[in-house]
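Here is a quick tour for anyone meeting this protein for the first time. Keep the view open and follow along.

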Amino acid sequence: MSSAAADGHPRVERTLALEGPQPDVPALCARLRELCRDGPGRPVTCDARAAEPPTLTTVDALARLALTAKRHGAPFTVTGTPPALRALLHLVGLGELLRQPEQREPPSRVQEGVQPHDPPL
């Protein structure tokens with residue numbers, strides 16, 4: 001018996017490896033686009049265990065990969081982050097890439113009442 005996602009497609013682990021302090025960003029983004037063509041909406045994981053030592057180029061690569069995944073409708077997470085890379089991602093405001101999709105908080109909704117004769121702001 002094979003496991004299947006809610007959409008009926010078999011679950012496929014899609015993983016990219018980020019290696020070294022100077023990753024080839026265009027090649028990684030091209031590979032990610034290929035993975036997303038195989039099944040939009042399926043999660044992509046980036047394994048950053050070998051991204052040592054972490055640099056701003058590493059952070060740039062992760063940010064670009066996250067944006068590429070978002071453009072293709074694929075949830076994107078980073079795993080295996082060394083402590084220094086984890087700290088650097090939090091420092092530049094990209095700590096959300098480290099969370100697993102099921103741990104994300106739902107977006108908060110502003111519930112505001114409007115009076116019929118209130119002027120617009």
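## What the first helix leans on

Let's jump right in: the buried residues of α1 pack against β1 (14-19), β2 (44-50) and α2 (56-71). A word of caution before going on: this is a predicted model.

Which residues of α1 are buried? They are Val-25, Leu-28, Cys-29, Leu-32, Leu-35 and Cys-36. Looking down the axis of α1, you'd find these buried residues within an arc of 115°, so they line one face of the helix. There's a general pattern behind this: an α-helix has 3.6 residues a turn, so residues three or four places apart point the same way. Over on the other side of α1, Pro-26 and Arg-37 are exposed. The helix itself covers residues 25-37, which makes 13 residues. From first C-alpha to last, α1 reaches 18 Å, close to the 18 Å expected at 1.5 Å a residue.

## The whole chain

Now step back a little. The protein has three helices and three strands, and from the N terminus on they run β-α-β-α-β-α. Of its 121 residues, 34% count as buried.

How do distant parts of the chain come together? Take the contacts between residues at least 6 apart in sequence: 73% of them join residues at least 24 apart. One pair to look for is Arg-37 and His-72, which are 35 residues apart along the chain, with 8.2 Å between their C-alpha atoms. Arg-37 belongs to helix α1 and is exposed, with a relative accessible area of 62%.

## The nonpolar core

The largest nonpolar core has 27 residues. Inside it, the residues with the most contacts are Leu-18, Leu-62, Leu-65, Phe-76 and Val-78. Which elements feed this core? β1, α1, β2, α2, β3 (76-79) and α3 (83-91) each supply at least two of its residues.

What about cysteines? Cys-36 is buried at a relative accessible area of 3%, and Cys-46 also counts as buried, at 1%. In general, a disulfide is a covalent bond between the sulfur atoms of two cysteines. In this model, the disulfide count comes to zero.

## Two residues in strand β2

Ala-48 sits in strand β2. Is Ala-48 buried or exposed? It is buried, with a relative accessible area of 0%. Leaving out residues up to four places away in sequence, Ala-48 touches Leu-18, Val-78, Thr-79, Gly-80, Thr-81, Pro-82 and Leu-85. Pro-82 is 34 residues away from Ala-48 in sequence, yet their C-alpha atoms are 7.5 Å apart in space.

Asp-47 is in strand β2 too. Its relative accessible area is 17%, and the cut-off for buried is under 20%, so Asp-47 counts as buried. What does the side chain of Asp-47 make a polar contact with? The partner is the side chain of Arg-49, at 2.7 Å. With neighbours within four places in sequence set aside, Asp-47 is in contact with Thr-15, Leu-16, Ala-17, Leu-18, Thr-79 and Gly-80.

## A cis bond and a buried threonine

Next, find the loop between β2 and α2, where Pro-53 lies. The peptide bond from Glu-52 to Pro-53 is cis, with omega near -15°. For background, most residues other than glycine have a negative phi, and most peptide bonds are trans.

Pro-53 turns up again among the contacts of Thr-58, a residue of helix α2. Thr-58 is buried, with a relative accessible area of 0%. Not counting neighbours within four places in sequence, Thr-58 is in contact with Leu-18, Gly-20, Pro-21, Pro-23, Ala-51, Pro-53 and Leu-85.

## The last helix

Which residues of α3 are buried? Leu-85, Leu-88 and Leu-89. They cover an arc of only 100° around the axis, which puts them on the same side of α3. These buried residues pack against β2 and α2. Pro-83 and Leu-91, on the other side of α3, are exposed.

To finish, look just past this helix: α3 is followed by Gly-93, which has a positive phi, near 85°.

Note on methods: Residues are numbered from 1 along each chain as its sequence is written. This is a predicted model: local features need pLDDT of at least 70, side-chain atom pairs count only at pLDDT 80 or more; totals for chains, interfaces and linings use all residues. Side-chain values use heavy atoms; hydrogens and water are left out. Helices (H or I, at least four residues) and strands (E, at least two) are DSSP runs, numbered from the N terminus. The expected span of a helix is 1.5 Å times one less than its number of residues. Buried means under 20% relative accessible area, exposed over 50%, partly exposed in between (1.4 Å probe, protein chains only). The arc is that of the directions from the helix axis to the C-beta atoms. Contact means heavy atoms within 4.5 Å. A nonpolar core is a set of buried Ala, Val, Leu, Ile, Met, Phe, Trp, Tyr and Cys residues joined through side-chain atoms within 4.5 Å. A disulfide is a pair of cysteine sulfur atoms within 2.5 Å. A polar contact is a pair of N or O atoms within 3.5 Å; within protein, one must be able to donate a hydrogen and the other to accept it, and residues adjacent in sequence count only if both atoms are side-chain atoms.
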